[in-house]
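Reader: I would like a close look at a single part of this structure, namely the way its first helix is packed and how its neighbourhood continues from there. Please give the geometry, the residues concerned and their burial in one connected account.

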Amino acid sequence: MYKIAVLAGDGIGREIVPEAVSTLQLVAQKFNYSFEFQEALVSEDAYEKLGHPLPAETLKICQEANAVLLGAVGSPKMDTLPAELRPERAALLPLRKELGLFANLRPIRVYDSLITASTLKTEVIKDVDIAVFRELTGGLYFGAKKREVLESGGEQAIDTLVYNTEEIIRIARLAFEAARGRRKRLTSVDKANVLESSRLWRETVTALSKEYPDVELTHMYVDNCAMQLVRWPAQFDVIVTENMFGDILTDQASMLTGSLGMLPSASIGGKVALYEPAHGSAPDIAGQNLANPLATILSIALMLRFSFKYNEGAKIIEKAVYKVLKEGYRTADIMSEGLNKVGTTQMGELVRQTIQKL
Ligand code: NAD
């Protein structure tokens with residue numbers, strides 16, 4: 001019996017997470033897996049009912065679980081709170097830190113049937129299959145921050161970008177190992193021409209590469225990588241990069257797959273891994289049955305594979321998603337002319353019906 005903590009969070013998180021949980025329950029039934037789900041409050045609901053976006057009891061439920069499923073956090077209501085109580089800073093970042101989730105893995109695969117849903121040309125995105133490893137608990141988002149009033153008038157704001165050797169080695173090692181099991185090419189992305197932290201990053205990754213002589217390592221500046229991702233994305237196999245660069249590059253790379261709503265993610269490194277779609281709470285479409293639940297459903301597949309080694313269950317979910325798309329069903333974000341438009345709940349139901357038939 002594995003325990004799964006379920007944190008739906010804000011906005012579309014409340015619509016997509018139930019679809020993923022129902023899908024997981026069906027797969028469990030089919031393969032005789034045994035899961036116990038424990039719901040916990042995070043962000044707006046948690047703040048309103050328990051006084052903090054990440055209450056101690058939610059953290060405890062996550063720490064005691066075997067895996068965590070998170071929807072998304074962030075809501076217009078929470079945006080009015082002081083910075084230290086905003087859910088991104090008060091819930092998401094501490095949750096990652098407390099669970100020791102130093103690596104975020106985002107697999108970026110282009111589905112044949114979605115090739116026209118991307119804003120990029122078919123010949124550019126065909127054959128794209130990239131695994132991005134983003135460092136998740138260091139860098140600019142976690143470094144010391146302050147504001148100062150200047151004597152000369154106005155203010156100045158300071159964010160600090162810190163990385164140490166050990167933090168770089170542990171994420172780079174995961175990326176080298178992953179590359180070894182794939183096409184054996186690793187691109188390390190930095191800004192070593194300008195940033196000292198990037199120079200340490202580059203030196204450290206280069207030194208570690210001696211342990212992986214079978215993996216071809218290249219270094220790329222982040223600005224060039226942003227350009228290469230839309231110019232010739234198929235050149236990439238595994239990418240490893242620091243926190244902020246990874247945040248930005250993975251949103252950009254999501255458009256190769258047609259929509260942010262297609263991109264799952266796994267945050268790993270600690271005892272308990274956390275699975276969540278790569279997108280946010282999408283307040284612009286929340287509560288309208290418009291959200292694409294596939295990123296969250298595909299995140300469940302990653303959970304089955306990485307946390308529980310249930311490869312059969314992971315594969316059946318991925319196969320079902322592939323088949324539903326092939327049959328022409330689309331949520332609004334990936335819709336093309338002449339296909340069948342469906343809402344969040346219908347898309348979840350279609351995936352489950354397909355799993356039942358496979
Ligand atoms: P977002 O990812 O929520 O949305 C960006 C755009 O993509 C929107 O137009 C949205 O409608 C669309 N979109 C996202 N997911 C979709 C889905 N599943 N189906 C269809 N369309 C989808 O990013 P944002 O608008 O910049 O941020 C909204 C809130 O989410 C903010 O409060 C932000 O801080 C938060 N956020 C949270 C996370 C997280 O929980 N990990 C990540 C990013 C942003």
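Author: The answer below starts with the helix and its packing partner, and then follows the chain to the loops, a further helix, the ligand and some buried residues.

The model is predicted, and the values that follow were computed from it. Two packed helices are described by the angle between their axes and the distance between the axes. For helix H1, residues 13–31, and helix H12, residues 344–357, the angle is about 10 degrees and the axes are 9 Å apart. Since an angle under 35 degrees counts as roughly parallel, H1 and H12 are therefore roughly parallel to each other.

On the side of H1, the contact is formed by Glu 15, Ile 16, Glu 19, Ser 22, Thr 23, Leu 26, Val 27 and Lys 30. These meet Thr 344, Thr 345, Gly 348, Glu 349, Val 351, Arg 352, Ile 355 and Gln 356 of H12. An α-helix has 3.6 residues a turn, so residues three or four places apart point the same way. In composition, the contact of H1 with H12 divides into 5 nonpolar, 6 polar and 5 charged residues. Among its nonpolar members are Leu 26 and Val 27 of H1, along with Val 351 and Ile 355 of H12.

Glu 19 deserves separate mention within H1. This charged residue has a relative accessible area of 7% and is therefore buried, the limit being under 20%. Leaving aside neighbours within four places in sequence, Glu 19 is in contact with Thr 344, Thr 345, Gly 348, Glu 349 and Arg 352, and also with Pro 293 and Ile 297.

Beyond the helix comes Asn 32, in the loop between H1 and strand E2 (35–39). Most residues other than glycine have a negative phi, and most peptide bonds are trans. Asn 32 has a positive phi, near 65 degrees. With a relative accessible area of 71%, Asn 32 is exposed. Ser 43, in the loop between E2 and helix H2 (44–50), likewise has a positive phi near 65 degrees. Is Ser 43 buried or exposed? At 0% relative accessibility, Ser 43 counts as buried.

Helix H4, residues 87–98, has Pro 87, Ala 90, Ala 91, Leu 92, Leu 93, Leu 95 and Arg 96 as its buried residues. Their cover includes helix H3 (56–64) and strands E1 (2–9), E3 (67–72), E5 (129–135) and E12 (273–277). From H3, Leu 59 touches Leu 95 and Glu 98, as well as Leu 54, not counting residues up to four places away in sequence. Leu 59 counts as buried at 15% relative accessibility. Its C-alpha atom is 28 Å from that of Met 262, which is 203 residues away along the chain. Just after H4, Gly 100 takes a positive phi of about 70 degrees.

The ligand has 19 residues around it, and Glu 88, Gly 280, Ala 282, Asp 284 and Asn 292 come nearest. Gly 280 places a polar backbone atom 2.7 Å from a ligand oxygen. Asp 284 has a side-chain N or O atom 2.9 Å from an oxygen atom of the ligand. At Asn 292, a backbone N or O atom lies 2.9 Å from a ligand nitrogen.

Ser 267, in strand E11 (residues 264–268), is buried, with a relative accessible area of 0%. Its side chain makes a polar contact of 2.9 Å with the side chain of Asn 104. Apart from neighbours within four places in sequence, the contacts of Ser 267 include Leu 101, Ala 103 and Leu 136, together with Ala 273, Leu 274 and Glu 276.

Finally, Leu 186 belongs to strand E8 (residues 185–190) and is buried at a relative accessible area of 1%. Its contacts beyond four places in sequence include Phe 176, Val 215, Leu 217, Val 238 and Val 240. Leu 186 and Ile 115 are 71 residues apart in sequence, with 25 Å between their C-alpha atoms.

Conventions:
Residues are numbered from 1 along each chain as its sequence is written. This is a predicted model: local features need pLDDT of at least 70, side-chain atom pairs count only at pLDDT 80 or more; totals for chains, interfaces and linings use all residues. Side-chain values use heavy atoms; hydrogens and water are left out. Axes are lines fitted to C-alpha atoms, for helices over the stretch in contact, and angles run from 0 to 180 degrees between N-to-C directions. Helices (H or I, at least four residues) and strands (E, at least two) are DSSP runs, numbered from the N terminus. Angles under 35 degrees count as roughly parallel, over 145 as roughly antiparallel, 65 to 115 as roughly perpendicular and the rest as oblique. Contact means heavy atoms within 4.5 Å. Buried means under 20% relative accessible area, exposed over 50%, partly exposed in between (1.4 Å probe, protein chains only). A residue is near a molecule or strand if one of its heavy atoms lies within 4 Å of it. A polar contact is a pair of N or O atoms within 3.5 Å; within protein, one must be able to donate a hydrogen and the other to accept it, and residues adjacent in sequence count only if both atoms are side-chain atoms.
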